[in-house]
Amino acid sequence: MIGRFSLLLAALTVFPQTVFSAPLPPKAELLASNSVTAQFLGTRRLPCMGRTALCPNRCGHAAAVAVFRVIANEAYAKPGKYGDDKAEPGSEILIDAAADVPGQDAAVQETLADLTPGDTVRLTQKHYYADMGGVHMPVRPITELKVMKKTDKPLPPQPENPYPLMPCGR
């Protein structure tokens, strides 16, 4: 039984890398689309939230995220009942800076790497509900990331983690 458990554990730790390196699957329903003008604030390191037995050091839940503050929403569409809400001015959009998201072009990662805090961008994020071959999950690729204005004076660095961890209830 221990051998089967080890095999299952190994398969579960490899699964996310194979899922997120694929293009958007053909069975993906568009739930919402947000096109915004936003200011890049910098990157933050979000801690692991303790969701599995592998947490905190082998789960991969901790992430470096790019943080954008919405200046204006240019276009919003929500064709059905479900989907992300409209990104309001002043709200933040967090984007995983390292993950290969299905349906997201590799050029997005290159553009993210070249941004300086204070840059103004046009950002389009789509929210899909995708069938990843037996696993149904939300997918939020960035379909457009275009620098509109480079900053002359970079913003001061963002705090490392402005979101404190909640204590576990017993």
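## Salt bridges

A salt bridge is taken here as a side-chain nitrogen of Lys or Arg within 4 Å of a carboxyl oxygen of Asp or Glu. In this predicted model, the side chains of D119 and K150 satisfy that criterion, with an N to O distance of 3.0 Å. The two partners come from distant parts of the chain, 31 residues apart, with D119 in the loop between α2 and β4 and K150 in the segment after β6. D119 counts as buried, because its relative accessibility is 0%, whereas K150, at 45% relative accessibility, counts as partly exposed.

A search of the whole structure returns five salt bridges, among them one between the side chains of E92 and R44, at 3.4 Å from N to O. Since E92 belongs to strand β3 and R44 to strand β1, this pair ties together parts that are 48 residues apart in sequence. Here the acidic partner E92 is partly exposed at 34% relative accessibility, while R44 is buried, with a relative accessible area of 5%. Another of the five joins the side chains of D84 and R140, with 2.8 Å from N to O. This pair likewise links distant parts of the chain, D84 being placed in the loop between β2 and β3 and R140 in the loop between β5 and β6 (142–149), 56 residues apart. D84 counts as partly exposed at 22% relative accessibility, and R140 counts as partly exposed at 34%.

## Nonpolar cores and the aromatic pair

The largest nonpolar core consists of 16 residues, and the members with the most contacts inside it are F68, I93, L112, L123 and L145. At least two residues of this core are supplied by each of β1, β2, β3, α2, β4 and β6. The surroundings of L112 illustrate how such contacts are distributed along the chain: leaving aside neighbours within four places in sequence, L112 is in contact with A66, F68, I95, A97 and L145. A second core, separate from the largest one, has six residues, including V101, Y128, M132 and M137. In soluble globular proteins, nonpolar side chains tend to be buried together.

One aromatic pair is found in a search of the whole structure. It is formed by F40 and F68, whose ring centres lie 5.3 Å apart and whose planes meet at 50 degrees, so the pair is classed as tilted. The pair links distant parts of the chain, 28 residues apart, with F40 in strand β1 (residues 28–46) and F68 in strand β2 (residues 63–77). Both rings belong to buried residues: F40 has a relative accessibility of 3%, and F68 has a relative accessible area of 0%.

## Strands β4 and β5

Strands β4 and β5 pair in the antiparallel sense over four bridges, and the bridge partner of Y129 in β5 is P138. The hairpin that they form has four residues between the strands, and within it G133 takes a positive phi near 80 degrees. Along β5 (residues 136–139) the side chains alternate, in that M137 and V139 point to one face and are buried, while H136 and P138 point to the other face and are not. M137 is also one of the residues of the second nonpolar core.

Within strand β4 (residues 120–131) lies T124, which is buried, with a relative accessible area of 7%. Not counting residues up to four places away in sequence, T124 touches S33, N34, S35, P141, I142, T143 and E144.

## The loop at G103

G103 is placed in the loop between β3 (92–96) and α2 (106–114), and it counts as partly exposed, with a relative accessibility of 34%. Its C-alpha atom is separated by 4.8 Å from that of P23, although the two residues are 80 residues apart along the chain.

## Confidence of the prediction

The chain averages a pLDDT of 76, and 68% of the residues score at least 70. Over residues 5–21 the pLDDT is below 50, and beyond near neighbours in sequence this stretch has eleven contacts in the model. The pLDDT is also below 50 over residues 165–170, a stretch that has three contacts beyond near neighbours in sequence. Where pLDDT is low, the predicted coordinates should not be read in detail.

Key:
Residues are numbered from 1 along each chain as its sequence is written. Side-chain values use heavy atoms; hydrogens and water are left out. Buried means under 20% relative accessible area, exposed over 50%, partly exposed in between (1.4 Å probe, protein chains only). Contact means heavy atoms within 4.5 Å. Two strands pair if DSSP finds at least two bridges between them. Rings of Phe, Tyr and Trp (its six-membered ring) pair if their centres lie within 6.5 Å; planes under 30 degrees apart count as stacked, over 60 as edge-to-face and the rest as tilted. pLDDT is the predictor's confidence in each residue, from 0 to 100. A nonpolar core is a set of buried Ala, Val, Leu, Ile, Met, Phe, Trp, Tyr and Cys residues joined through side-chain atoms within 4.5 Å.
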